[in-house]
Amino acid sequence: MNSSLVFRRFWCFNAATSSSSSSSASSTLCFASNKKPLVFLGSPQVSATVLDALLNASTAPDSLFEVAAIVTQPPSRKSRGKKLMPSPLAQHALDRGFPSNLIFTPERAGEDVFLSNLRDLQPELCITAAYGNILPSKFLNIPTSGTVNIHPSLLPLYRGAAPVQRSLQDGVKETGVSLAFTVRALDAGPVIARKRMEIEDQIKAPELLDLLFYEGSKLLIRELPSIFDGSAKVKAQPQDDSKATLAPKIASEESWLSFDEEAPVLHNKVRAFAGWPGTRAKIVIVDNKSGQDKITELKIITTKVCSRSNIQVNQADEITFIKPALVFPCGGGTALEVLEIQLPGKKVMSAAAFWNGVRGQKLKILSAAYVNDHLS
């Protein structure tokens, strides 16, 4: 297809109304358009920011494209016994009035029925934003202008499933978002454009993820004309694989905090794992009257690194309250201010509310020494 011309298209295809892997429930869809068909792939709520930008831009009088279909993760049960629910992106698209029979939910992006439907759409371009499935070569070979991914890091840094979380965990001061062509190797395609951003000390992963995808959507809309006319492939810069770092998927077991580590490390982990899986710690509540110890699990929600200039670091394993924070002693003579916590089955509360609830009882961290002395 000559990319300098926009041809009026007419096509029909069969698409499954609920799942691309089922060919029994299908309807024939027909389109007539002088715009280039674009297919968007995403799954979590954060990818809705990109979909909104694309849908809004596609309605402009001079728009070169239209969103011909959406690909997302299959419906899932949020908890035991609940009915199947569409992915957050699918629900968002339905709420906007996007046709349900143009929302594809394959288990894998290499399924034959799904790929057949995709080919019938004759997509000029596919855009991915946190889709969550591996794209095989037989998928990548379909769109004429290729597949472009919005990746929330400054590639080649933090390739992988959790770039925002791992960058915050590492305590980096700068991050960004990259627009890159998708290739078979993980996040290794040529980079069309990047947007750099400074990272604030208190920002958490969900906020930073939202911000990066917002900036990424603006970057995408700006670069779409060059992608469609082919000049983006000419200007795209290959990544330097020797500088690549990885951002592996987070495991729930990583959520535990060890106060043997220094406070800045723990603070960065709290910010990085906010949302899911969160960060947890066990503390000991010492009953001053009975002398009995109670071990309690806390979810640590919001923290701040103590400054030596304005606070005295605690002795031993004792947790103190210095308004408005619980102060936890940490490794290297550092201390961590915990501003918000959550008890199992309860709502998030301030450190002050928790301190008032323990009514003067002593608090200690559950250290290795305590375990050896009391639990072994």
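**Figure 1. The largest nonpolar core and its best-connected members.** In this predicted model, the largest nonpolar core has 48 residues, and those touching the most other members are L38, F40, L54, L220 and L224. Helix α6 supplies the largest share of this core, with nine residues. Apart from this core lies another one, of 22 residues; F259, A281, I283 and L326 are among them.

**Figure 2. Surroundings of F40.** Leaving aside residues up to four places away in sequence, F40 touches S47, V50, L51 and L54, together with A69, I70 and V71, and also L89, I127 and A129. F40 and its contact L54 are both among the core residues that touch the most other members.

**Figure 3. The salt bridge between E174 and R196.** The structure holds 11 salt bridges. In one of them E174 pairs with R196, and the closest N and O atoms are 3.0 Å apart. E174 belongs to strand β10 (residues 174-181) and R196 to strand β11 (residues 191-198), so the salt bridge ties together parts that are 22 residues apart in sequence. E174 counts as partly exposed, at 40% relative accessibility. R196 is exposed, its relative accessible area being 53%. Side chains of opposite charge can pair when their charged atoms come close.

**Figure 4. Salt bridges of K218 with E215 and of R222 with E223.** K218 and E215 form a salt bridge in which the closest N and O atoms are 3.5 Å apart. Both residues lie in helix α6 (residues 205-229), three residues apart, a separation of about one helical turn. K218 is partly exposed, with a relative accessible area of 42%, whereas E215 counts as buried at 13% relative accessibility. The side chains of R222 and E223 also meet in a salt bridge, at 2.8 Å from N to O. R222 counts as exposed, at 53% relative accessibility, while E223 is buried, with a relative accessible area of 6%. Salt bridges with shared partners join K195, E215 and K218 into one network.

**Figure 5. Strand β14 and its two antiparallel pairings.** Strand β14 (residues 318-322) pairs with strand β18 (residues 362-365) in the antiparallel sense, over two bridges. In this pairing I319 stands opposite L363 of β18. Strand β14 also pairs with strand β15 (residues 325-329), again in the antiparallel sense, over three bridges. Here the bridge partner of F321 is L326 in β15. β14 and β15 form a hairpin, with two residues between them. L326 is also one of the residues in the core of 22 residues. In a regular strand the side chains alternate between the two faces of the sheet.

**Figure 6. The edge-to-face pair F104 and F114.** Five aromatic pairs are found in a search of the whole structure. The ring centres of F104 and F114 are 6.2 Å apart and the ring planes lie at 65°, so this pair is edge-to-face. F104 is in strand β7 (residues 103-104) and F114 in helix α3 (residues 112-121), so the contact between the rings ties together parts that are 10 residues apart in sequence. Both side chains belong to residues away from the surface by the accessibility criterion: F104 counts as buried at 1% relative accessibility, and F114 is buried with a relative accessible area of 0%. F104 and F114 form one aromatic cluster together with F139.

**Figure 7. The stacked pair F321 and W355.** The ring centres of F321 and W355 are 5.6 Å apart, with the planes at 15°, so the pair is stacked. It links distant parts of the chain, as F321 is in strand β14 and W355 is in helix α9 (residues 351-358), 34 residues apart. F321 counts as partly exposed at 22% relative accessibility. W355 is partly exposed too, with a relative accessible area of 23%. F321 also takes part in the hairpin pairing, with L326 of β15 as its bridge partner.

**Figure 8. A charge over the ring of F181.** K233 lies over the face of F181, at 5.8 Å from the ring centre. F181 falls at the end of the range given for strand β10 (residues 174-181).

Conventions
Residues numbered from 1 in each chain as written. Predicted model: local features only at pLDDT ≥ 70, side-chain atom pairs only at ≥ 80, totals over all residues. Heavy atoms only, no water. Salt bridge = Lys/Arg side-chain N within 4 Å of Asp/Glu carboxyl O. Helix = DSSP H or I, 4+ residues; strand = E, 2+ residues; numbered from the N terminus. Buried < 20%, exposed > 50% of the residue type's maximum accessible area, 1.4 Å probe, protein only. Core = buried A, V, L, I, M, F, W, Y, C linked by side-chain atoms within 4.5 Å. Contact = heavy atoms within 4.5 Å. Pairing = 2+ DSSP bridges. Phe/Tyr/Trp six-rings, centres within 6.5 Å; stacked < 30°, edge-to-face > 60°. Lys NZ or Arg CZ within 6 Å of the ring centre and 35° of its normal.
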